[in-house]
Amino acid sequence: MAKSVQTPKPQNAELEHERLKSLINSMADGVIATDEHTKIVLYNGAALNILDLNSDMSGKNIEAVIKLIDGNNQSVDIKKLVSQTKTSTANRDYKLVYPSGDSVNLYLSIAPVHLGYGAAGQKGFVVLLRDITREKSLEEERDEFISVVSHELRTPIAIAEGNISNALFIAQKEAKGKKTPIIDALSQAHDQINFLAGLINDLSTLSRAERGKLTVDVEAINAHELIEDLIKNYTPEAERKGLKLLKDLDPSLELLQSSKLYVREILQNFITNAIKYTEKGSVTIGANKKDKGIEFFVRDTGIGISKSDQEKVFDKFFRSEDFRTRQNSGTGLGLYVTVKLSRMIHADIDLKSEINKGSTFTIFIPDLQ
Ligand code: ADP
């Protein structure tokens, strides 16, 4: 016979409350629990500490004790932010402002919870606060350093690339189509210097994005011209691998208002990957008209991406363990940078892929005017 299972209820609610209080009081992060109307029901000492308060917060509304501003120094409605949270969220971009005007960088996590047991349990929210000013300033220093170093490396790398490329051209001309050890050595040097140039470029874009230094210059983009130009630039690389570079363009495409620079950089990342991770077949670059924007896509017949990897390819430094990926040099930064850039222009990326069949990266670019 089946036994009925009951949710264990605390024998002594007071004792349970004390246990909970000492548990949250031992936490290093500030914890504030509120009811569903964001009225504070429980908090710990660390919360008082970070909020720089010494009075009782119970019964107060959260907006009375937490004043936030976002990255653009705009004040944030904390009551709305908390009460509209449906699933746990965390944010590292807000600042906590004190009445004196001073501020600290905040890690803020909000989770909707059931306070109490079973159906009688009240709904509410748990807000976690941590001062991350020091971490943020270290991150800023790191990004500043990367930005300066990558900028300084650009010129010597560009000069070396130009010289190697010229030397390769002369060696190929003199060898009259034959393969020589010098051509081999110069080709390898050229590949490596191109890899280095790509790495420096990704690092520089990334550090600017992380420091919020990227700006969006909106201009008219002619999708036809852009894709024609990309096809022209990437055809030699595709041909070297015996791949066809095709285009699939909706003829009725109109001008699009967005950042030409970022749209181009995003598509270039997709195309270089498609060529890199395709051994035979083709890479197709296309665009379709959509409501209030254009959807670009890059489709390949390459090695494909497994279901579990599809969730990770946009992560920083992620590279698939697939041995065919590892045969190609890469940094794992390209798609991460792509996501950063796409956020700047409010674009949405979608990936469809099947292992050994190929991948399609699609990006919807909205008209920004
Ligand atoms: P990188 O190419 O430098 O390794 P990316 O961030 O551009 O870095 O890509 C991350 C990973 O995603 C790659 O290492 C590869 O495993 C996978 N990937 C990206 N594009 C493709 C593609 N078109 N086909 C197969 N795998 C891909």
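In this predicted model, helix 8 gives the largest share of the shell around the ligand, namely three residues. Helix 8 spans residues 260–276, and it is joined by helix 11 (334–344) and strand 14 (358–366), each of these elements supplying at least two residues of the shell. Sorted by class, the shell holds nine nonpolar, nine polar and three charged residues.

A handful of names is worth finding in the structure. Among the 21 residues around the ligand, those that come nearest are Asn273, Tyr277, Arg319, Thr331 and Leu335. Two of these names return when individual atoms are examined. In the side chain of Arg319, an N or O atom is 2.5 Å from an oxygen atom of the ligand. Leu335 takes part through its backbone, where an N or O atom lies 2.8 Å from a ligand oxygen atom. Asp300 faces a nitrogen atom of the ligand instead, with a polar side-chain atom 2.9 Å away. On its own the ligand has 530 Å² of accessible area, and the protein covers 98% of that.

Helix 11 also leads to another part of the fold. Two packed helices are described by the angle between their axes and the distance between the axes. For helix 6 (residues 181–210) and helix 11, the axes come within 10 Å and cross at roughly 40°, and this crossing is left-handed. On the helix 6 side, the meeting residues are Asp202, Thr205, Leu206, Ala209 and Glu210, while helix 11 brings Gly334, Tyr336, Val337, Lys340 and Leu341. By class, this contact is made of five nonpolar, two polar and three charged residues.

Methods
Residues are numbered from 1 along each chain as its sequence is written. This is a predicted model: local features need pLDDT of at least 70, side-chain atom pairs count only at pLDDT 80 or more; totals for chains, interfaces and linings use all residues. Side-chain values use heavy atoms; hydrogens and water are left out. A residue is near a molecule or strand if one of its heavy atoms lies within 4 Å of it. A polar contact is a pair of N or O atoms within 3.5 Å; within protein, one must be able to donate a hydrogen and the other to accept it, and residues adjacent in sequence count only if both atoms are side-chain atoms. Accessible areas come from the Shrake-Rupley method with a 1.4 Å probe; for residues, only the protein chains shown count as cover. Helices (H or I, at least four residues) and strands (E, at least two) are DSSP runs, numbered from the N terminus. Ala, Val, Leu, Ile, Met, Phe, Trp, Tyr, Cys and Pro count as nonpolar, Asp, Glu, Lys and Arg as charged, and the others, Gly among them, as polar. Axes are lines fitted to C-alpha atoms, for helices over the stretch in contact, and angles run from 0 to 180 degrees between N-to-C directions. A crossing is left-handed if the near helix is turned anticlockwise from the far one by less than a right angle, and right-handed if clockwise. Contact means heavy atoms within 4.5 Å.
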